[in-house]
Amino acid sequence: MRDTTAFQFDTQILNLRPLKLEDGFYPDFDEESHGYFSEDESYFDSIDYDHTSTFYDCRKDKDRNNTAPLHISLDYNRRIHPLVVGQTTEKN
């Protein structure tokens, strides 16, 4: 703890999700206004699972293409290294 900042300790040791990055490249990033959400709950409605728990699975992605390759990239920020995964689509 003596060799890390409070931010590093919270994220690396306590595994707390940060609301803002310390010295981040995107200091004004807001997930609600800058994010993209496309969800499909139909798969989860068809199986028996505990609806009170949070359930994350790639089958929840409405715009996922099972036949297209995934493009994976690491964002080597100063202290946190998030993984970004996407797929390309053809536009009509």
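Which polar side-chain atom lies 3.0 Å from the backbone nitrogen of Thr5? The polar atom belongs to the side chain of Gln8, and one of the views below comes back to this pair. The model is predicted, so to speak plainly about what is counted: local features need pLDDT of at least 70, side-chain atom pairs count only at pLDDT 80 or more, and totals for chains, interfaces and linings use all residues. Residues are numbered from 1 along each chain as its sequence is written, and side-chain values use heavy atoms, with hydrogens and water left out.**View 1. The whole chain, with its 3 helices and 2 strands.** Helices here are DSSP runs of H or I with at least four residues, strands are runs of E with at least two, and both are numbered from the N terminus. Along the sequence the pattern reads α-α-α-β-β. The chain has 92 residues, and 12% of them count as buried. Buried means under 20% relative accessible area, exposed means over 50%, and partly exposed is in between (1.4 Å probe, protein chains only). The accessible surface comes to about 8,500 Å², with 51% of that belonging to carbon and sulfur atoms. These areas come from the Shrake-Rupley method with a 1.4 Å probe, and for residues only the protein chains shown count as cover. Take the contacts with a separation of 6 or more: residues 24 or more positions apart account for 24% of them. A contact means heavy atoms within 4.5 Å.

**View 2. Confidence along the chain, by pLDDT.** pLDDT is the predictor's confidence in each residue, from 0 to 100. The chain averages 76, and 76% of its residues reach 70 or more. Among the elements, E1 has the highest mean, at 87, and helix H3 (residues 42-46) the lowest, at 75. Where pLDDT is low, the predicted coordinates should not be read in detail.

**View 3. Helix H1 and the Gln8 side chain.** H1 covers residues 6-13, and Phe7, Gln8, Phe9 and Thr11 in it are buried. Gln8 counts as buried because its relative accessible area is 16%. A polar atom of the Gln8 side chain sits 3.0 Å from the backbone nitrogen of Thr5. That pair is a polar contact: N or O atoms within 3.5 Å, where within protein one must be able to donate a hydrogen and the other to accept it, and residues adjacent in sequence count only if both atoms are side-chain atoms.

**View 4. Asn15, just after H1.** Asn15 lies in the loop between H1 and H2. Its phi is positive, about 55°, although Asn15 is not a glycine. Most residues other than glycine have a negative phi. Is Asn15 buried or exposed? Asn15 counts as exposed because its relative accessibility is 66%.

**View 5. Ser38 in the loop between helix H2 (31-34) and H3.** With 15% relative accessibility, Ser38 counts as buried. Which residues does Ser38 touch, leaving aside its neighbours within four places in sequence? They are Lys60, Asp61, Lys62 and Asp63.

**View 6. Around H3: Ser42 and Asp57.** Ser42 is in helix H3, and at 43% relative accessibility Ser42 counts as partly exposed. Lys62 is 20 residues from Ser42 along the chain, and their C-alpha atoms are separated by 9.6 Å. Asp57 belongs to the loop between H3 and E1 and is partly exposed, with a relative accessible area of 22%. From Asp57 to Phe44, 13 residues apart along the chain, the C-alpha separation is 9.6 Å.

**View 7. A nonpolar surface patch of about 650 Å².** The patch is made by Leu70, Ile72, Leu74, Tyr76, Leu83 and Val85. Patch residues have over 30% relative accessible area and no salt bridge; like charges are joined within 9 Å, and nonpolar side chains (Val, Leu, Ile, Met, Phe, Trp, Tyr) within 5 Å. A salt bridge is a side-chain nitrogen of Lys or Arg within 4 Å of a carboxyl oxygen of Asp or Glu. Strands E1 (71-74) and E2 (83-86) each supply at least two residues of the patch. Tyr76 is in the loop between those strands, E1 and E2, and counts as exposed because its relative accessibility is 61%.

**View 8. Val85 in strand E2.** Val85, one of the patch residues, is partly exposed, with a relative accessible area of 45%. Leaving aside its neighbours within four places in sequence, Val85 is in contact with Leu70, His71 and Ile72. Val85 and Ser73 are 12 residues apart in sequence, and 6.5 Å apart in space, C-alpha to C-alpha.
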